[in-house]
Amino acid sequence: MRSWYDIRDAGSSGIAGSAGGGDAEILIYDEIGAFGITAKQFADDLKAVGKAARITLRINSPGGSVFDGLAIHNSLKRLSARKTVWIDGIAASIASVIAMAGDEIVMPENAMMMIHDPAGVVVGTAMDMRAMAEALDRIKGGLVAAYRDRTGKPDAEVEQMMASETWLTAAEAVAAGFADRVDKPIRATAHFDLSRFRNAPAPEAGETLMEAPLPDAAPPAPAPETVPVADPTPTPEARVRAETLAYAREITDLCALAGASQRASGFIAADTS
């Protein structure tokens, strides 16, 4: 089954960090929570690197399930290993929260980060809708705390940045405290349709984007490239994939809000509306 993450030994062979004091590498290169693979599986696989002394986390993701993302952030924070986060292309939405778990966050010059308010869907009575609004407020509080602890910014300032859907270049992220240093530009492996976001950067002239699977090897050798941006003419296959991921994410989030996460896979398999 295709996965949106990969956890592996950064050395020659074996289970990542199993001998203690080794290096491990984690790649998050797709939509978080996609393909029916949740944070629980991620946490189970993460146990293999529990004894690693150093972890390199590489992110190129448009975000995904806020519940899975928060669980991943907390799982990473609990590890004693030194964690270096590289934003290989984009860390948007909940992917940017996961990045906050790093002891050091590095962004190539052409990478971007985005923070925004959590969103959800609800169908029902006014009471149901008020309950959803309250749940989103509680979720936002957790996201604000992650950004605040990293940047040192007041809650009110972080909340305003989130409400405005703020996109940050590498230099802007460093200046605002969301990252620690800027590195030379690289060519990102996977690009994403960012049209669902309000303030996504516009495509540059002549730029073509592609979908790419999670890499089996380390990211490509550094080479100048522009940042990932929205595909102005998505293919039919890309539109179907985006709609499918959005549907799965909504079902998963609704079940989590209802305290019935275990039912999500059944609803998705039955194509429940």
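# A tour of the predicted model

Start with the whole protein chain selected: its accessible surface is about 13100 Å², and carbon and sulfur atoms hold 55% of that area (Shrake-Rupley method with a 1.4 Å probe; for residues, only the protein chains shown count as cover). This is a predicted model, in which local features need pLDDT of at least 70 and side-chain atom pairs count only at pLDDT 80 or more, while totals for chains, interfaces and linings use all residues. Residues are numbered from 1 along each chain as its sequence is written, and side-chain values use heavy atoms, with hydrogens and water left out.

Colour by secondary structure to see 8 helices and 8 strands (DSSP runs numbered from the N terminus: helices are H or I of at least four residues, strands E of at least two). The chain has 273 residues, and 46% of them are buried (under 20% relative accessible area with a 1.4 Å probe, protein chains only; exposed is over 50%, partly exposed in between). Of the contacts between residues at least 6 apart in sequence, 73% join residues at least 24 apart (contact means heavy atoms within 4.5 Å).

**Stop 1: I26 and helix 1**

Select I26, in strand 2 (residues 23-28). I26 counts as buried because its relative accessibility is 0%. Leaving out residues up to four places away in sequence, I26 touches D6, I7, F42, L46, I55, T56, L57, R58 and L76. Add I59 to the selection: its C-alpha atom is 8.5 Å from that of I26, although the two residues are 33 apart along the chain.

Next select helix 1 (residues 39-46), where A39, F42 and L46 are the buried residues. Viewed down the axis of helix 1, these residues fall within an arc of 55 degrees, so they line one face of the helix (the arc is that of the directions from the helix axis to the C-beta atoms). Their cover includes strand 1 (5-9), strand 2 and helix 2.

**Stop 2: helix 2 against helix 4**

Show helix 2 (residues 66-78) with helix 4 (residues 126-151); they pack at about 35 degrees, with axes 12 Å apart (axes are lines fitted to C-alpha atoms, for helices over the stretch in contact, and angles run from 0 to 180 degrees between N-to-C directions). V66, F67, L70 and H73 of helix 2 meet I139, L143 and A146 of helix 4. These contact residues comprise 6 nonpolar, 1 polar and no charged (Ala, Val, Leu, Ile, Met, Phe, Trp, Tyr, Cys and Pro count as nonpolar, Asp, Glu, Lys and Arg as charged, and the others, Gly among them, as polar).

**Stop 3: helix 4 against helix 5**

Keep helix 4 and add helix 5: the pair packs at about 115 degrees, with axes 9 Å apart. Helix 4 contributes K140, L143, V144, Y147, R148 and T151, and helix 5 contributes D155, V158, E159, M162 and A163. This contact divides into 6 nonpolar, 1 polar and 4 charged residues.

Within helix 5 (residues 155-163), V158, M161 and M162 are buried. Seen down the axis of helix 5, they fall within an arc of 100 degrees, so they line one face of the helix. Strand 6 (112-115), helix 4 and strand 7 (166-169) are among the elements covering them.

**Stop 4: two residues with positive phi**

Select E165, in the loop between helix 5 and strand 7. E165 is not a glycine, yet its phi is positive, about 50 degrees. The relative accessible area of E165 is 4%, so this residue is buried.

Finish at S93, in the loop between strand 4 (82-92) and helix 3 (94-99). Phi of S93 is also positive, near 60 degrees, in a residue other than glycine. S93 is buried, with a relative accessible area of 13%.
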